[in-house]
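Me: Got a minute to go through a structure with me? I'd like to talk about charged pairs first, then empty space inside.

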Amino acid sequence: MSRFLYRIGGAAAAHPWRTIAAWLIVLVATLTIADLAGGTPHDNYNVDGTSSQRGTELLRNEFPAVSGADARVVVHGDRLDPTLLTTLRQRLRAVDGVGTVSPPRLSGDGDTALFSLTYTIPVTDFEGTEGLDALEAAAAPAADAGLQVEYGGQVAENVRTISGAAEAIGILAALVILLLAFRSVVAAGLPIAAAFVGLGIGSAGITILAAFSDISTTAPTVAAMVGLGVGIDYALLLVTRYTEGLRSGLGTRAAAATATATSGTSIVVAGATVLLSLFGLAFAGLPVYRSFGSATALVVAVVVMSAVTLVPALCALAGRRALPRAERPVPVPPRTDAADAGGVASGTTQAVAASGAGRSPSLTARWAARVGRRPLPWALAALAVLLLLATPMLGMRTWPQDAGSQPADNTQRRAYDLIAAEYGEGANGPLVVAVDLDRVPASGLPALARKLAADPGVAAVNPPVTAPGGRAAVLLVEPRYGPQDERASALVDHLRTDVLPPGAEITGITAVFRDIAELVSERLWLVVGVVVGLSLVFLLVMFRSLIVPVKAAIMNLLSIAAAYGVITVVFQWGWGAEALGLPHAVPVSTWVPLLMFAVLFGLSMDYEVFLLSRIREDWLRTGDAHGSVVRGLAATGRVITGAALIMVAVFVGFGLDADVTVKMIGVGMATAVAVDATIVRMVLVPATMALLGKANWWLPGWLDRLLPNVDPHPDETPTVAPEPELATVR
């Protein structure tokens, strides 16, 4: 692989303007296609095989007027004019796609009216904000009269506003870290520029993908979060190796080619691991997870390609300006073209030797040696810290986000609060009981309604409504508890098991979320097994070691468990909810644990691959098991720390996003990366590798013969014919 990447990096460095022009053409083309033919993200909560989905399908077939999305319009004011409310109901009934509009339900004090709408079309049929815009236009007379009008339900809650503030915060923080790391504005700008191009193409690709498939409203933000983080990190790794090559005396083109061959190999392996982890989301059984996986994978694939092609071209243009000003003069006599175009092995060896010659051991090297002298106590201490952080996850409760956990400044949350205050928490999550009249006689509907109303968990039951065809009926059941309340889920289970006859199914958003939570809990271990298994096989082939992949998987699982514990404390316990803009503690979003696992397992493998690639290079060259760990950590400590700081900064920026799911993912991933880059990489890795010694690289002979030979760091690499060196600033 490194031979191929050496040629790719060398070609990009030899023809930088052609490479940059090609990427800009692709960027402009994808942005244009996305603008002309792109789709709009929307959430698809269809879950085949569940009780709620069977109820929804029954209504779609037999009672279309109440089978689609729902919406709630809340009007609040000191005096509500009955004539105005009548006019408002008529205007709402005229909105495209609306099947039914309930009469205005007045609150006890008469200052609030609630209209409940059902649509004939699912929420996935709405493009962008068109559903909410139509409701706002219909309710304009009430707003013009000075009344407060708020909107809730699926139609309003399916709209997501993207401000870009989270991305801006992350990019600004990353730029500051890069400036401190490189002490060169040019070098700091290279990773940002490459990440921008990759993220722009990937984001446009998601918009194009949305025209052909269901993409969750949150998926583009999560993809941007991951893509921005890994895009800057991958480019940082390559630029760091490029500057090392310059310091060792390599010319611009040779330094770029060598950096692509060495760091580029780590980038490809790390990116492939992330993609394999995201592939595991396809086994979650939910369209939302598939959309998260496909959107994020698209962005990651693009930023990997930009890292190994665009970054070498940018490095070639930057020349020695990528170094701090004091280091820009050439430190050694000019090299001949033949030497300048040397092979990967010779260039890398010289770079490593020159970069380390005459220098005292770095802080990271001294730390690694210190841990290696007493590895067992250090390993046990690190393990204890990780287990302590992970402990709260044992009490984690999950629930898909709803308007009750959104910021107080959006209309969905204001509608939720008004409804809860005036009509009770349960009015925000009514249960829809769909009855198949081929299995349940119509004469039994009144008795069923009375039985439901008599349940202590039910606040009210609307009279049954029969479909025009007479083959289905609907009863609207209002619980006493809000959708996030654990008792609401228990009520759904109780009604299904103990109250409803065969042929009656509970649907509605609360029941759908209950089924989603149950399905996710069932599929979690399947996804974990697929992701871990694929990653183990991949790393086994790439590093030709049995111990290294298993150890990496265990450490990654510990990092993820620690992140789960932290988000449980911050959000469910409420210890940091207010600081993050939430009014109170909320359950962990159902989408978060599985999505975080897939993304974080891949990201944690990034640092493992970066570190192990350097250690393996040294091990193959020296055969020194202990020394290779110290030198590998010394060589990568600074870049991994910088990369982790950038990743944490990007994720913390997204932790300030208005959407609670994005907020949780940002906080959780920032925690996991910080833990992984400190406790795991700086303590557990050197401690365990010191304990295992040469056994780290043990592989049974029979397995060695079975595995394909795709060693990313071959012992022999070809030389490349010399090409004229680019003009650079000396």
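Me: How many salt bridges does a search of the whole structure find?

Reply: The search turns up 18 salt bridges. Keep in mind that this is a predicted model.

Me: OK, pick one. Which residue does Arg-514 form a salt bridge with?

Reply: Asp-493 is the partner, and the closest N and O atoms are 3.0 Å apart. That pair ties together distant parts of the chain, 21 residues apart. Arg-514 sits in helix α20, residues 509-543, while Asp-493 belongs to helix α19, residues 486-499.

Me: Is Arg-514 buried or exposed?

Reply: Buried, because its relative accessible area is 17% and the cut-off for buried is under 20%.

Me: And Asp-493, what does that count as?

Reply: Partly exposed, at 27% relative accessibility.

Me: Let's move along the chain. What does Asp-618 form a salt bridge with?

Reply: With Arg-621, where the closest N and O atoms are 3.2 Å apart. Both residues lie in helix α22, which covers residues 591-622. They're three residues apart, about one turn of the helix.

Me: How accessible is Asp-618?

Reply: Asp-618 has a relative accessible area of 5%, so it is buried. Arg-621 is at 38%, and therefore counts as partly exposed.

Me: What about Asp-624, which side chain does that one meet in a salt bridge?

Reply: Arg-631, at 3.6 Å from N to O. Both ends are partly exposed: Asp-624 has 32% relative accessibility, and Arg-631 has a relative accessible area of 37%.

Me: Which residues end up in one network there?

Reply: Asp-618, Arg-621, Asp-624 and Arg-631, joined by salt bridges that share partners.

Me: Switching to the empty space. How many cavities of 30 Å³ or more does the structure hold?

Reply: Seven of them. The largest cavity has about 110 Å³ of space.

Me: Which residues are closest to the centre of that largest one?

Reply: Arg-72, Glu-157, Asp-402, Asn-428 and Ile-509, out of 13 residues that line the largest cavity.

Me: Which elements supply at least two residues of that lining?

Reply: β1 (70-76), α7 (153-157) and α20 each do. α20 is also the helix that holds Arg-514 from earlier.

Me: What's the chemistry of the lining, by class?

Reply: For the largest cavity, five residues are nonpolar, four polar and four charged.

Me: And how much space lies in the second largest cavity?

Reply: About 90 Å³. The second largest cavity is lined by 13 residues, and nearest its centre are Leu-237, Arg-241, Ser-263, Arg-614 and Thr-636. Two or more lining residues come from each of α10 (219-247), α11 (252-279), α22 and α23 (625-655).

Me: How do the classes divide for the second largest one?

Reply: Its lining has four nonpolar, five polar and four charged residues.

Me: Last thing, completely different spot. Where does Thr-30 lie?

Reply: In helix α2, residues 16-37. Thr-30 counts as buried because its relative accessibility is 16%.

Me: What is Thr-30 in contact with, leaving aside its neighbours within four places in sequence?

Reply: Ile-201, Ala-204 and Ile-208.

Conventions: Residues are numbered from 1 along each chain as its sequence is written. This is a predicted model: local features need pLDDT of at least 70, side-chain atom pairs count only at pLDDT 80 or more; totals for chains, interfaces and linings use all residues. Side-chain values use heavy atoms; hydrogens and water are left out. A salt bridge is a side-chain nitrogen of Lys or Arg within 4 Å of a carboxyl oxygen of Asp or Glu. Helices (H or I, at least four residues) and strands (E, at least two) are DSSP runs, numbered from the N terminus. Buried means under 20% relative accessible area, exposed over 50%, partly exposed in between (1.4 Å probe, protein chains only). On a 1 Å grid over the protein atoms alone, a cavity is a set of points where a 1.4 Å probe fits but cannot get out, and a pocket is an open set with protein on both sides within 12 Å along at least five of seven lines; lining residues have an atom within 4 Å of a point. Grid points are joined across faces, edges and corners, and a volume is the space filled by probe spheres set on the points. Ala, Val, Leu, Ile, Met, Phe, Trp, Tyr, Cys and Pro count as nonpolar, Asp, Glu, Lys and Arg as charged, and the others, Gly among them, as polar. Contact means heavy atoms within 4.5 Å.
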